[in-house]
Amino acid sequence: MKLLKFWNRMGIFVLTIIVVLACWMILGNRFVSIFNINNVLVQVCPTIIAGIGMVYVITAGEIDMSIGSIYTITTIVIGIGLTRLNVGIAGSILLAVAVGIICGLVNGMLVTGLRLPSFIATLASMLAFKGVSYIISGGKDILYLSNEKFQKMSSMRFLNFSLPIWVMLLLTLSGIFIYKRTSFGIYVRSVGSNKEVTAITGINVNLITIIGFVMTGIFAVFGGVITASQTLIGTSTAGATYSLDCVCATVLGGTSMTGGKGNIPGMICAAVLLGFLKNALNMLNLPFYYQYIVTGVILVFALVMNNLQLLLSQKYMGNSLN
């Protein structure tokens, strides 16, 4: 039990340090250079940002598998706003955020209104949103290479680190503050722990659940904006593994799949761990599909640890009652 508690509190941080040190020993100083660290952090920014929303929705006892499609729509909506509607960078981002809110509302209503399991509901919406992305793009990629101001968003630096990293830090601090210091964060944990008891206390469980899905949609949009500023292309094929990366980072970071307990700092550390592992595979010149194997293995490991923690906790509580 003590070992499990240690893993729950510090395991992901220790594992990240071990993996980084091992990769450093194999790949040398180029692996821990400022340039490479900045590169890895920029690459994992979209996963971390969307992962914040995923922590909220999983803590509330649900899951959102549609964020990859929301991320995809974001890159396309940004392109449409910049090239067709000419509403500028701010207008395009606001348009994408509005789409993210709508997607979150759809997911929330499917789960609370139709009483569908969130996994099935968001799988269905994932396919629907993906179809919408093909419709609004006409099945073609949307290029916005000529927009220099938008391009500079990803290349600007402060204290040797790119702007997306600072945006990620700002959103992360906001997410942690809401989770730890506001009544909404308390309600989310309460809903995830026990919906029936929470409802008896007068808290609107359905409203909290819907807001959780809306937050997930908004954070997924911001992740898509970061990617769009880097690639300068809106494509319906983007975000293929985005949802799984976010779920993997969230669960590995210590958020309970049964709800009631989230860990945003742990999720960030897990996302960075995944980023460094993928970066190491690239530096070793291994084919990209090895990254899928690594992500799958880590996801299984995270789920096993999550289940083990749940079983031992139940056993410990049972012994305490006896």
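Two helices, helix 1 (2-27) and helix 13 (289-321), each supply at least two residues of the nonpolar patch. I start there, and I should say at once that this is a predicted model.

The patch is on the surface and covers about 1100 Å². Its members are Met 25, Ile 26, Leu 284, Leu 286, Phe 288, Tyr 289, Tyr 290, Tyr 292, Ile 293 and Val 297. Which helix gives the most to it? That is helix 13, with five residues. Tyr 290 is found in helix 13. Its relative accessibility is 36%, so Tyr 290 counts as partly exposed.

Next, helix 7. Helix 7 runs over residues 163-181, which makes 19 residues. From its first C-alpha to its last it reaches 27 Å, close to the 27 Å expected at 1.5 Å a residue. The buried residues in helix 7 are Pro 164, Ile 165, Met 168, Leu 171, Thr 172, Gly 175 and Tyr 179. Why are they on the same side of helix 7? Because they cover an arc of only 130 degrees around the axis. On the other side of helix 7, Leu 170, Leu 173 and Arg 181 are exposed.

As for what the buried residues of helix 7 pack against, the list is helix 2 (34-59), helix 6 (148-155), strand 3 (161-162), helix 8 (183-193), helix 10 (205-231) and helix 12 (264-283).

Helix 8 comes up again through Ser 193, which lies in it. Ser 193 has a relative accessible area of 53%, and it is therefore exposed, the cut-off being over 50%. Not counting residues up to four places away in sequence, Ser 193 touches Gly 259 and Gly 260. Ser 193 and Thr 258 are 65 residues apart in sequence, but 8.0 Å apart in space, C-alpha to C-alpha.

Now the charged pairs. Side chains of opposite charge can pair when their charged atoms come close. How many salt bridges does the count come to? The count comes to two.

One salt bridge is between the side chains of Glu 62 and Lys 195, at 3.5 Å, N to O. This pair links distant parts of the chain, 133 residues apart: Glu 62 is in the loop between helix 2 and helix 3 (67-83), and Lys 195 is in helix 9 (residues 195-200). Is Glu 62 buried or exposed? Glu 62 has a relative accessible area of 12%, so it is buried. Lys 195 has a relative accessible area of 28%, so it is partly exposed.

Asp 245 also forms a salt bridge, with Lys 278, and the closest N and O atoms are 3.3 Å apart. Here too the pair links distant parts of the chain, with Asp 245 in helix 11 (residues 242-252) and Lys 278 in helix 12, 33 residues apart. Both Asp 245 and Lys 278 are buried. Helix 12 was mentioned earlier, among the elements that the buried residues of helix 7 pack against.

The last residue is Thr 74. Its place is in helix 3. With a relative accessibility of 2%, Thr 74 counts as buried, because the cut-off is under 20%. Which residues is Thr 74 in contact with, leaving aside its neighbours within four places in sequence? They are Ala 96, Val 221, Gly 224 and Val 225.

Conventions:
Residues numbered from 1 in each chain as written. Predicted model: local features only at pLDDT ≥ 70, side-chain atom pairs only at ≥ 80, totals over all residues. Heavy atoms only, no water. Helix = DSSP H or I, 4+ residues; strand = E, 2+ residues; numbered from the N terminus. Expected span 1.5 Å × (residues − 1). Buried < 20%, exposed > 50% of the residue type's maximum accessible area, 1.4 Å probe, protein only. Arc of directions from axis to C-beta. Contact = heavy atoms within 4.5 Å. Patch = residues over 30% accessible without salt bridge, like charges linked within 9 Å, V, L, I, M, F, W, Y side chains within 5 Å. Areas by Shrake-Rupley, 256 points an atom, 1.4 Å probe, with all protein chains shown as cover. Salt bridge = Lys/Arg side-chain N within 4 Å of Asp/Glu carboxyl O.
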